[in-house]
Amino acid sequence: MAEVLSIILGGGKGTRLFPLTQFRSKPAVPFGGKYRLVDIPISNCINANLRQIYVVTQFNSASLHLHIGQTYVFDSFTNGFVEILAAEQTFEHSGWYEGTADAVRKNFPHFRTQNPSYYMILSGDQLYRMDLQELMKSHIDSKAAITIACTGVSRENASGLGILKVDKKNQITEFLEKPGPTKDISDYKAPSELITEKNKDDCYLASMGIYVFNAKAMDDCLANELTDFGKEIIPAAISKLKVNAYLFNDYWEDIGTIKNFYDTNLELTTVKPSFDFYDEHRPIYTHMRNLPPSKMNFSNMNQSIAAEGCIITNANITNSIVGIRTIVETGSSLNGVVCMGADYYETEKQKNQNAEARIPNVGIGRGAIIKGAIIDKNVCVGEGCRIGVDDIKRIDGNYGHYYIVDGIIVIPKNTILYPGTVI
């Protein structure tokens, strides 16, 4: 596995996750109460003993730098590293990354110093747990130049994904990028031997955006000006090289939109979630904050998650995620809420200053009622606020101190909602 160089693509501006990406890159978006999206692919790599990892990004990368620098520090007895490669000006090029393939091409001088035999390309905004050693074994055994990880999807879900046509030997013969809802793609159905009872309704194979390239194949495929793997590089390679499919039958979810982000977070609170964070043998790593355990004072919590460092007093919390360091005051109610928490605890001096300026403290104030919303970090929700409770028509748009996206109310980072605010 030391011959494998892992490259995690941090994505572009993350417009589909705005306003959560207003002040941070997509891989740095908090997830599940205490994690960040980038922790998923990095943890998959570490669990497979892939310790040479680059994260390629260019937008709002400061918080991502900080998180990775504080979290992923390997000991001096290994050659492992997790490094960020932000877009940079050199004598060879001075522009931004123009796409996923362009980002890899422009960083070849950094990658080649590791002398890899294989490149593994991973996405920074997906939730899954994959045995990447098994993926590598499948790639090597097949003697393919490129292997694409794929998963079964229904016709409805196939509309916005890259769809693969494979033969009985798992070799990819055609690739169709985002066919849309009306195009006839019946000839792209997966071979019957790949369809099991578990995935009988998922008749199409969709690319997961996870690729393994032989080093020479990567060099050859990028010896041009093509900019995107899915739209250009992979379709061009299929006609020239042996490109195989690796079928992944476990849970996988693209969380690149606000709706998917919200739904996937809340799915974690179910009795038996599709994605299990409670796996001791293949853990998901994140920053060790050394926070105290969460404290519940006379509160009622139902099918919810509270990350460490929270203080919840006389509150009702249902089907919600309460992120790190969240202070929930008495009489508050959360239902269907993804609360990301806070980066710090306020001191008594800060609280006194807030009181003098009539600014609520960070957290959920007394008697606040919130339903169907995402509360980003460090938000001050004042006493008696009502968010998403009253019968209002949720029309997507920017409303100044909040947004509505896909019918979900999103309160951006560091927002102050004064007492009595109704949304």
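The exercises below, each with a worked solution, concern the predicted model shown above.

**Exercise 1. The faces of helix α2**

Determine which residues of helix α2 are buried, and how they are arranged around its axis.

*Solution.*
Step 1. Helix α2 spans residues 62-71, and its buried residues are S63, L64, H67, I68 and T71.
Step 2. Viewed down the axis of α2, these buried residues fall within an arc of 125°, so they line one face of the helix.
Step 3. A general rule helps in reading this pattern: an α-helix has 3.6 residues a turn, so residues three or four places apart point the same way.
Step 4. The exposed residues A62 and L66 are carried by the face of α2 that is turned away from the buried side.
Step 5. The cover over the buried residues of α2 includes β3 (35-36), α1 (39-47), β4 (52-57) and β5 (81-86).

**Exercise 2. Helix α1 and the residue after it**

State how many residues of α1 are buried, and describe N49, which follows this helix.

*Solution.*
Step 1. Eight of the nine residues of α1 are buried, and the helix is thus mostly covered.
Step 2. The buried residues in α1 are D39, I40, P41, I42, S43, N44, C45 and I46.
Step 3. N49 is located in the loop between α1 and β4.
Step 4. The phi of N49 is near 60°, a positive value in a residue other than glycine.
Step 5. As a general matter, most residues other than glycine have a negative phi.
Step 6. With a relative accessible area of 44%, N49 is partly exposed.

**Exercise 3. Two further backbone features**

Locate N378 and P19, and describe the backbone at each residue.

*Solution.*
Step 1. N378 lies in the loop between β23 (369-375) and β24 (380-381).
Step 2. Although N378 is not a glycine, its phi is positive, at about 60°.
Step 3. The relative accessible area of N378 is 5%, and the residue is therefore buried, whereas N49 is partly exposed.
Step 4. P19 belongs to the loop between β1 (4-9) and β2.
Step 5. The peptide bond that leads from F18 to P19 is cis, with omega near 10°.
Step 6. For context, most peptide bonds are trans.

**Exercise 4. The nonpolar cores**

Identify the members of the largest nonpolar core that touch the most other members, and the strand that gives the most to this core.

*Solution.*
Step 1. The largest nonpolar core has 40 residues, of which I42, V55, M120, M130 and L132 touch the most other members.
Step 2. Strand β11 (residues 204-214) gives the most to this core, contributing five residues.
Step 3. Another core, of 39 residues, lies apart from it; among its members are L85, A145, F229 and A245.
Step 4. Consider M130 in detail: leaving aside neighbours within four places in sequence, M130 is in contact with N44, L135, A149, M208, I210, Y246, F248 and R282.

**Exercise 5. Cysteines**

Establish how many disulfides the structure holds, and describe C203 and C221.

*Solution.*
Step 1. The structure holds zero disulfides.
Step 2. For C203, the nearest cysteine sulfur is that of C150, 14 Å away.
Step 3. For C221, the nearest cysteine sulfur is also that of C150, at 18 Å.
Step 4. A disulfide requires two cysteine sulfur atoms within 2.5 Å, and neither C203 nor C221 is in one.
Step 5. C221 is buried, with a relative accessible area of 9%.

**Exercise 6. Cavities**

Find how many cavities of 30 Å³ or more the structure holds, and describe the lining of the largest cavity.

*Solution.*
Step 1. There are two cavities of 30 Å³ or more.
Step 2. The volume of the largest cavity is about 80 Å³.
Step 3. Its lining consists of 15 residues, of which P30, F31, G33, K34 and M340 lie nearest the centre of the cavity.
Step 4. The elements giving two or more residues to this lining are β2 (30-31), β3 and β21 (333-339).

**Exercise 7. The surroundings of L334 and V362**

Describe where L334 and V362 lie, and what each contacts beyond its neighbours within four places in sequence.

*Solution.*
Step 1. L334 lies in strand β21 and is buried, with a relative accessible area of 1%.
Step 2. The contacts of L334 beyond those sequence neighbours are N316, I317, T318, S320, V322, I364 and I370.
Step 3. V362 is found in the loop between α10 (348-357) and β22 (363-364), and is buried at a relative accessible area of 13%.
Step 4. With the same neighbours set aside, V362 is in contact with I327, A342, Y344, E346, N378, V379 and C380.
Step 5. V362 and E346 are 16 residues apart along the chain, and their C-alpha atoms are separated by 7.3 Å.

Note on methods
Residues are numbered from 1 along each chain as its sequence is written. This is a predicted model: local features need pLDDT of at least 70, side-chain atom pairs count only at pLDDT 80 or more; totals for chains, interfaces and linings use all residues. Side-chain values use heavy atoms; hydrogens and water are left out. Buried means under 20% relative accessible area, exposed over 50%, partly exposed in between (1.4 Å probe, protein chains only). Helices (H or I, at least four residues) and strands (E, at least two) are DSSP runs, numbered from the N terminus. The arc is that of the directions from the helix axis to the C-beta atoms. Contact means heavy atoms within 4.5 Å. A nonpolar core is a set of buried Ala, Val, Leu, Ile, Met, Phe, Trp, Tyr and Cys residues joined through side-chain atoms within 4.5 Å. On a 1 Å grid over the protein atoms alone, a cavity is a set of points where a 1.4 Å probe fits but cannot get out, and a pocket is an open set with protein on both sides within 12 Å along at least five of seven lines; lining residues have an atom within 4 Å of a point. Grid points are joined across faces, edges and corners, and a volume is the space filled by probe spheres set on the points.
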